[in-house]
Amino acid sequence: MLPREQAQAILDAQPFSKMVGAELVEFGEGRCEFSAPMRDELTQHMGIAHGGVIATLADMALTFVGGSVLGPVITSEIKINYIRPGVGERLVARAEVVGHGRRQAVTRCDIFTVVDGEEKLCAAAQGTIVKLEN
């Protein structure tokens, strides 16, 4: 329902997404991928990716993938499990639609760190995404 060009325009209009450095890598019906370079500004006191940054990428991927099947949406609910510390060169969030109706989608997302070119799962998230009514 949401073309890639419109998804990119929405991302470009989000100052917070720009601050994180989020890039829309892939976008299509029922799937999407975001990526962000690891930078010192995105870490916490132990030098690993801040959990809020990981959750932000997950929320973006969950919401955008929900929008790919529903049109304009917002996040109603999100749950995230942190599996390992986010270290490396990049963070990658890949999301898919688990199921949807006309007004709501259940989406899931795996978040990876890229270390020496190898992806390692660092978090898994699930969300409920709801269609905005005009």
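Helices (H or I, at least four residues) and strands (E, at least two) are DSSP runs, numbered from the N terminus. With that in hand, here are some exercises on this predicted model.

**Exercise 1. A charged residue in a strand**

Place E33 in the fold, decide whether E33 is buried or exposed, and list its contacts beyond four places in sequence.

*Solution.*
- Step 1: look up the element. E33 belongs to strand β2.
- Step 2: check accessibility. The cut-off for buried is under 20% relative accessible area. E33 has a relative accessible area of 12%, so E33 is buried.
- Step 3: collect the contacts. Once neighbours within four places in sequence are set aside, E33 touches E23, L24, V25 and E26, as well as V92, A93 and R94.

**Exercise 2. Two cysteines and a bond**

Work out how many disulfides the structure holds, and why C32 and C109 do or do not count as one.

*Solution.*
- Step 1: recall the cut-off. A disulfide needs two cysteine sulfur atoms within 2.5 Å.
- Step 2: start from C32. Its closest cysteine sulfur is that of C109, at 7.2 Å, which is too far for a bond.
- Step 3: start from C109. The closest cysteine sulfur is in C32, again at 7.2 Å and too far for a bond.
- Step 4: give the count. The structure holds 0 disulfides.
- Step 5: add the surroundings. C32 is buried at a relative accessible area of 3%, and C109 is buried at 0%.

**Exercise 3. The nonpolar core**

Describe the largest nonpolar core: how many residues has it, and which have the most contacts inside it?

*Solution.*
- Step 1: take the size. The core has 36 residues.
- Step 2: find its best-connected members. C32, F34, L57, C109 and I111 have the most contacts inside this core, so both cysteines of the previous exercise turn up here.
- Step 3: trace the elements. At least two residues each come from α1, β1 (23-28), β2 (31-37), α3, β4 (90-100), β5 (104-115) and β6 (118-131). Of these, α3 gives the most, with 11 residues.
- Step 4: zoom in on I111. Leaving out neighbours within four places in sequence, I111 is in contact with I54, A58, I80, V92 and A93, and also with K120, L121, C122, A123, A124 and A125.

**Exercise 4. The largest pocket**

State the volume of the largest pocket, then say which residues and elements line it.

*Solution.*
- Step 1: the volume is about 260 Å³.
- Step 2: the lining has 15 residues, and I10, Q14, T63, F64 and V73 are the closest to the pocket centre.
- Step 3: α1 (4-12), α2 (15-20) and α3 (51-70) each supply at least two lining residues. The most come from α3, with 6 residues.
- Step 4: by type, the lining divides into 7 nonpolar, 7 polar and 1 charged.

**Exercise 5. Two exposed positions**

Locate D116 and S76, and say what phi D116 has and what S76 touches.

*Solution.*
- Step 1: D116 sits in the loop between β5 and β6. At 73% relative accessibility, D116 is exposed.
- Step 2: the phi of D116 is near 50°, a positive value in a residue other than glycine. For comparison, most residues other than glycine have a negative phi.
- Step 3: S76 lies in strand β3 (residues 73-82). S76 is exposed too, with 51% relative accessibility.
- Step 4: beyond four places in sequence, S76 is in contact with T128, I129 and V130.
- Step 5: S76 and A13 are 63 residues apart in sequence, and their C-alpha atoms are 21 Å apart in space.

How values were computed: Residues are numbered from 1 along each chain as its sequence is written. This is a predicted model: local features need pLDDT of at least 70, side-chain atom pairs count only at pLDDT 80 or more; totals for chains, interfaces and linings use all residues. Side-chain values use heavy atoms; hydrogens and water are left out. Buried means under 20% relative accessible area, exposed over 50%, partly exposed in between (1.4 Å probe, protein chains only). On a 1 Å grid over the protein atoms alone, a cavity is a set of points where a 1.4 Å probe fits but cannot get out, and a pocket is an open set with protein on both sides within 12 Å along at least five of seven lines; lining residues have an atom within 4 Å of a point. Grid points are joined across faces, edges and corners, and a volume is the space filled by probe spheres set on the points. Ala, Val, Leu, Ile, Met, Phe, Trp, Tyr, Cys and Pro count as nonpolar, Asp, Glu, Lys and Arg as charged, and the others, Gly among them, as polar. A nonpolar core is a set of buried Ala, Val, Leu, Ile, Met, Phe, Trp, Tyr and Cys residues joined through side-chain atoms within 4.5 Å. Contact means heavy atoms within 4.5 Å.
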